[in-house]
Amino acid sequence: MTVKDQVCVVTGGANGIGRALAERFAAEGARAVVVADLDLAAAQRVAGGFGGMAIACDVAVEADLVKLMEAVESAYGPIGLFCSNAGIGMEGGLEVSDAAWDRIMRINFMSHVWLARHLVPRMLRAGGGAMLQTVSAAGLLTQLGSAPYAVSKHAAMSFAEWLAITFGARGLKVFALCPQGVRTALLEEASQGSMNFLVETALEPAAVASAVIEGLASEKFLILPHPDVAEYFRRKGADYDRWLRGMQRLQKETGIEEIMQA
Ligand SMILES: NC(=O)c1ccc[n+]([C@@H]2O[C@H](COP(=O)([O-])OP(=O)(O)OC[C@H]3O[C@@H](n4cnc5c(N)ncnc54)[C@H](O)[C@@H]3O)[C@@H](O)[C@H]2O)c1
């Protein structure tokens, strides 16, 4: 598929990966690009750059997602591609509070469930549509130093798989975007902790947007802007225990072991 002449929505579109996606979709000739974000002023600046629409939306609130869909449909008609991209990072392990677990699970995982609950029936009625979830390589492998990020992204990945299996034959295209490090505020904030070892190989958000355009064109479920991730995932599947030992070594080498034991 391509985004040309499609109505595209991007959550978390005011910054980072979401912003790069929105700008690229506009440049590729999308009929409309909607930038949805908690930060409305920043979303308006991004949308203003290409004549798109900005909408305030907290993806941790189901009613906000419903309002977003309704506003887009009444302005432009059926949504062709919805990128459920907004997400947060979080450091920590056993000490993470229930409130923090709840927050990250709502944003990084339940947002996709709430979205699908309302969008999938609409897309099936319209004869099809595409959903792209920004997951992370952490949803296939793990996130050293962050139990909540690793778990919330695995849950998101599992849900994307389930959607693809359940509705793929009925016209729903599902894509899971799984980058490693990308040069954004999220990586910047985490680069002193669990994500420090990802900085060296980090990509620019525009490169991730290019990988998405290619991934949509090839209609493959998994979009991997860092191709090495496919090999790491194969190794995990081939010998889980060896992979776990390798990750323990990496945790030691990167200094994350010390952070986790401090
Ligand atoms: N940067 C990386 O290294 C990296 C790697 C893999 C996956 N990801 C994933 O990519 C996605 C985008 O991250 P990014 O790096 O571009 O981050 P970013 O911090 O640059 O941008 C995230 C955007 O999401 C918005 N946002 C945050 N919470 C929101 C909410 N509840 N509702 C609506 N908008 C909200 C923020 O205002 C911000 O504009 C996330 O899902 C993240 O987990 C990032």
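The shell of residues around the ligand in this predicted model is made up of 14 nonpolar, eleven polar and three charged residues. In total, 28 residues surround the ligand, and Gly12, Gly16, Gly87, Thr184 and Leu186 are the closest of them. Two elements, helix H1 (16-27) and helix H6 (185-190), each give two or more residues to this shell. Two of the closest residues can be placed on these helices straight away: Gly16 falls within the span of H1, and Leu186 within that of H6.

Turning to the interior, the largest nonpolar core holds 71 residues, and the members that touch the most others are Cys8, Val9, Leu21, Val33, Val35 and Ala36. Helix H4 supplies the largest share of this core, with eight residues. Cys8 offers a handy view of how the core is knit together across the sequence: beyond its neighbours within four places, Cys8 is in contact with Val3, Phe25, Ala30, Val33, Gly80 and Leu81. Val33 thus appears both as a contact of Cys8 and among the core members that touch the most others.

Helix H4 (residues 98-125) also takes part in a helix pair, packing with helix H3 (residues 62-76) at an angle of about 35° and with the two axes 9 Å apart. The crossing of H3 past H4 is right-handed. On the H3 side, the contact is formed by Glu62, Leu65, Val66 and Met69, which meet Trp114, Leu115, His118 and Leu119 of H4. By residue class, this contact comprises six nonpolar residues, one polar and one charged; Glu62 is the charged residue and His118 the polar one.

How values were computed. Residues are numbered from 1 along each chain as its sequence is written. This is a predicted model: local features need pLDDT of at least 70, side-chain atom pairs count only at pLDDT 80 or more; totals for chains, interfaces and linings use all residues. Axes are lines fitted to C-alpha atoms, for helices over the stretch in contact, and angles run from 0 to 180 degrees between N-to-C directions. Helices (H or I, at least four residues) and strands (E, at least two) are DSSP runs, numbered from the N terminus. A crossing is left-handed if the near helix is turned anticlockwise from the far one by less than a right angle, and right-handed if clockwise. Two residues are in contact if their C-beta atoms, placed from the backbone, lie within 7 Å. A residue is near a molecule or strand if its C-beta atom, placed from the backbone, lies within 6 Å of it. A nonpolar core is a set of buried Ala, Val, Leu, Ile, Met, Phe, Trp, Tyr and Cys residues joined through C-beta atoms within 7 Å. A residue is buried if 20 or more other C-beta atoms lie within 10 Å of its own, exposed if 12 or fewer, and partly exposed in between; C-beta atoms are placed from the backbone.
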